[in-house]
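Please look through the structure shown below, and keep it at hand while the following paragraphs lead you from one part to the next.

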Amino acid sequence: MAAPSKRWLPLEANPDVMNQFIWGLGVREEEAEFNDVYGLDEELLEMVPKPVLAVIFLFPLTAQTEAERKADREQDSTEKKEPNKKVYFLKQTVGNACGTIGILHAVGNATSEINLVGGSYFDRFYKSTANLDPFERADFLEKDREMEDAHSVAATAGDTEASSDVNEHFICFTCVDGELYELDGRKSQPISHGPSSPSSLLQDAAKVIKAMIQKNPDSMNFNVMALSKKAI
């Protein structure tokens with residue numbers, strides 16, 4: 001894949017930043033919020049507010065992750081399982097947009113649980129892209145100045161100085177129709193990780209994340225956040 005023609009500043013893996021971002025775009029503050037996941041052991045997972053609607057994972061890009069992505073891209077499409085059409089998925093064509101795409105995946109696959117503000121950015125975005133394929137959605141996002149501006153505000157709101165020179169990547173895990181999906185805009189399609197449920201999503205995603213971390217045990221550049229629905 002050619003290098004992205006457009007690059008944004010990266011989002012910080014910070015629930016406060018992401019919450020202001022999603023609340024400003026149409027998620028009601030009283031309905032859902034991102035929370036830190038402080039560890040992947042069962043007792044720490046139990047501390048995360050439930051129900052969990054999606055899990056966002058930040059990890060370092062390494063030679064191994066890039067080799068796996070290349071192998072995924074080169075795999076013959078006929079060997080792949082046809083993805084569930086109900087999974088909302090878009091490709092990443094803008095550099096450093098993975099944080100925003102992770103959020104779009106998280107919210108887009110939880111619209112049955114989240115009542116978006118009518119006429120809000122998210123409400124209009126998902127309605128406009130509902131019948132598009134992942135590449136058409138990526139093109140829509142790339143040309144969308146409103147989202148680019150919102151992303152820029154969020155990217156400069158963190159505790160660390162924003163720089164376009166980063167080597168980490170956000171992906172999303174969600175449960176659709178009883179199946180755990182990994183949503184990575186740099187891959188060709190959603191990746192199924194087997195059976196799951198809304199009540200076990202966090203634990204199921206944690207198992208996959210643990211396996212990914214074990215492939216790069218010397219790095220500390222990992223972060224996990226959960227999008228949780230608030231009790232109303």
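**A helix enclosed by its surroundings**

Helix α4, which spans residues 98-108, is largely enclosed by the rest of the structure, because eleven of its eleven residues are buried. Reading along the helix, the buried residues are C98, G99, T100, I101, G102, I103, L104, H105, A106, V107 and G108. It should be kept in mind from the start that this is a predicted model, so that every value below is computed from predicted positions.

What does α4 lie across? The helix lies across the strands β2, β3, β5, β6 and β8, and it runs at about 5° to β5.

**The sheet beneath the helix**

The strands just named belong to an open sheet of six strands, whose order is β2-β8-β3-β5-β6-β7 and whose pairing is antiparallel. At the edges stand β2 (32-36) and β7 (191-195), each of which pairs on one side only. On average, and with direction ignored, neighbouring strands of this sheet are turned by 20° against each other. As a general point, the strands of a sheet pair through backbone hydrogen bonds, and they may do so either parallel or antiparallel.

One pairing can be followed in detail. Strand β3 (residues 52-60) and strand β8 (residues 223-229) run antiparallel and are joined by six bridges. If you look for A54, you will find that its bridge partner in β8 is L227. Another helix, α1, also packs on the sheet, where α1 touches β2, β5 and β8, and the direction of α1 makes about 165° with that of β2.

A further helix to look at is α5 (residues 121-129), whose buried residues are Y121, F122, D123, F125, Y126 and T129. The cover over these buried residues of α5 includes α1 (15-25), α4, α6 (134-142) and α7 (145-155), and α4 is thus met again here, now as part of the surroundings of another helix.

**Two annotated residues**

Where does the UniProt record place the feature "active site"? The record, which is an unreviewed entry, places this feature at C98 and H169. Although these two residues are spread over 72 residues of sequence, they cluster in space, with a largest C-alpha distance of 6.3 Å.

The two residues sit in elements that you have already met, since C98 is in helix α4, while H169 is in strand β5. Is C98 buried or exposed? The relative accessible area of C98 is 8%, and because anything under 20% counts as buried, C98 is buried. By the same cut-off, H169 counts as buried at 2% relative accessibility.

The contacts of the two residues can be read side by side. Leaving aside its neighbours within four places in sequence, C98 is in contact with Q92, E168, H169 and F170. With its own neighbours within four places left aside, H169 is in contact with F57, L58, F59, L61, Q92, C98, D184 and R186.

Another cysteine, C175, also counts as buried, at 16% relative accessibility. As for bonds between cysteines, the structure holds zero disulfides.

**Charged pairs along the chain**

How many salt bridges does a search of the whole structure find? The search finds nine of them, and three can be visited here in turn.

In one of the salt bridges, E148 pairs with K6, and the closest N and O atoms are 3.3 Å apart. This pair links distant parts of the chain, for E148 lies in helix α7 and K6 lies in strand β1 (residues 6-7), 142 residues apart. E148 is partly exposed, with a relative accessible area of 22%, and K6 counts as partly exposed too, at 25% relative accessibility.

In another salt bridge, D177 pairs with K86, where the closest N and O atoms are 3.5 Å apart. Here too the pair links distant parts of the chain, 91 residues apart, with D177 in the loop between β5 (168-176) and β6 (179-183), and K86 in the loop between α3 (63-74) and β4 (94-95). Both D177 and K86 are exposed.

A further salt bridge brings together the side chains of K187 and E182, at 3.1 Å from N to O. Are these two residues buried or exposed? K187 is buried, and E182 is buried as well.

How values were computed
Residues numbered from 1 in each chain as written. Predicted model: local features only at pLDDT ≥ 70, side-chain atom pairs only at ≥ 80, totals over all residues. Heavy atoms only, no water. Disulfide = S-S within 2.5 Å. Buried < 20%, exposed > 50% of the residue type's maximum accessible area, 1.4 Å probe, protein only. Helix = DSSP H or I, 4+ residues; strand = E, 2+ residues; numbered from the N terminus. Contact = heavy atoms within 4.5 Å. Salt bridge = Lys/Arg side-chain N within 4 Å of Asp/Glu carboxyl O. Pairing = 2+ DSSP bridges. Axes fitted to C-alpha atoms, helices over the stretch in contact; angles between N-to-C directions. UniProt positions renumbered as here; feature names shortened; annotations may be inferred.
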